[in-house]
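Here are my notes on this one, for you to read alongside the coordinates.

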Amino acid sequence: MSKNKIASAWSGGNEPMNSEYGKMMMWFFLISDALTFSGFLTAYAFVRFRFETQWPVAEDVFTHFPGLKGDQPLLYVAFMTFVLIMSSVTMVLAVNAGHQLKRNVTAWWMVATIIGGGIFVSSQAWEWYHFIIGDKGAIELSTSEVMKVANRDGNVLSLSQIVQGMDKGHSANHELLFSDEEVFESIRANNNLVLQSPGKDHTPFNREATIKALDGAHVIQGANMYHNEYGKQQFANFFFFITGFHGFHVFSGVVLNIMVFYNVMLGTYDRRKTYGMVEKVGLYWHFVDLVWVFVFTFFYLV
Amino acid sequence: MSDHESPQGTAWIWKIFWLLLVITTVEVVLGIIKPEILLTSLAGTSILNLIFIGLTLVKAAYIVQYFMHLKYEVTSLKYAIYLPVLILIPYLTFILIFEGQAIFEF
């Protein structure tokens, strides 16, 4: 009688909420982690909202795809999203097989998940590399405002095209470094070049204002915590922090997956007669995918 | 307890996969072409952005409900997980969107 009452109160009898202890704690950890990430993303939204007109447009920032020339906006990040969704699917399949105590099937799907996670982390490293090296370069004014150099038609030119000429230069700087003097000299010499804001409004300076703005300005190439050629400095800082924190989650997930995979191979969960650990690491892995869904939307789409 | 039993087989997993893939593809295509008509301003942002946020929430719901299996947990666990998140995150967002406008006064 009293036992029934307890069972109905928790719907789980002597196992509260009908959930294994470790699984419930994993859920509670994920709740706190979700709140952490929402703190980051709302902070990002707040700062972006404040500087909306100067905020870099993601399609102008993430334009590379390995092996493809020219601008491929969103394509690479779409690929990364696909990889992560795919690895989430293989993780569900591993959990599913674990419920049926199928050791080999679980192991293979875990291998697939680990490979997916590895591809994602390396893709992120690749993207960071290109973000840090930079693309077209920019000019940071004495007011610490960042401006792109464009022609009168509003097309942004790379420093390489400005210094070496349109026919000899490349559309990106390709790791070449340019000094302040040679860039400013070329801008002063070419009547067709003006400074243009990198944000949504793309407002160009006129020629006079362009020349005047070069006083006390610096050339910046690439992005780090102090300078950001793509526009507002906070964009780079948030990019490093949020995608870095997420990437670290993916990396930890891969490590945890490898540990659980090792135990699957050893037959640990066969002896325990439960593959609960696969389920728990699966929850974590899906959460990482879930966070990416939001990061993808707020960093690359909106 | 039959409503807490998860579906059998693996067909349901692939169904969710295709759904997530289609939603992501729609998002990416919309993000690349940015149809002029969807850039109309609505509720302080564009219709396109609202579509992105809506699709994201749909994706998130499917991941949590099916991949993370929350749909098939007991009610008490569902509430223990949903309530803190569904109360605190909208609250934080609300504070930042409405009270945060004060930043423009400085």
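The points below go from chain B on its own to its contact with chain A.

1. Ground rules first: this is a predicted model, where local features need pLDDT of at least 70 and side-chain atom pairs count only at pLDDT 80 or more, while totals for chains, interfaces and linings use all residues. Residues are numbered from 1 along each chain as its sequence is written, with chains lettered from A and ligands numbered from 1 in the order in which they are written.

2. Chain B has three helices and two strands, in the order α-β-β-α-α from the N terminus. Both are DSSP runs numbered from the N terminus: H or I over at least four residues for helices, E over at least two for strands.

3. The radius of gyration of chain B is 18 Å, against near 13 Å for a compact globule of 106 residues (C-alpha atoms; the rule is 2.2 Å times the number of residues to the power 0.38). Its C-alpha box, along the principal axes, is roughly 55 × 35 × 15 Å.

4. Just 17% of the 106 residues in chain B are buried (20 or more other C-beta atoms within 10 Å of the residue's own, with C-beta atoms placed from the backbone).

5. Now the partner: 36 residues of chain B and 36 residues of chain A form the contact (C-beta atoms, placed from the backbone, within 7 Å). On the chain B side, helix 1 (11-33), helix 2 (47-67) and helix 3 (75-98) each give two or more residues, and helix 3 gives the most, with 12 residues.

How values were computed. A residue is buried if 20 or more other C-beta atoms lie within 10 Å of its own, exposed if 12 or fewer, and partly exposed in between; C-beta atoms are placed from the backbone. Two residues are in contact if their C-beta atoms, placed from the backbone, lie within 7 Å.
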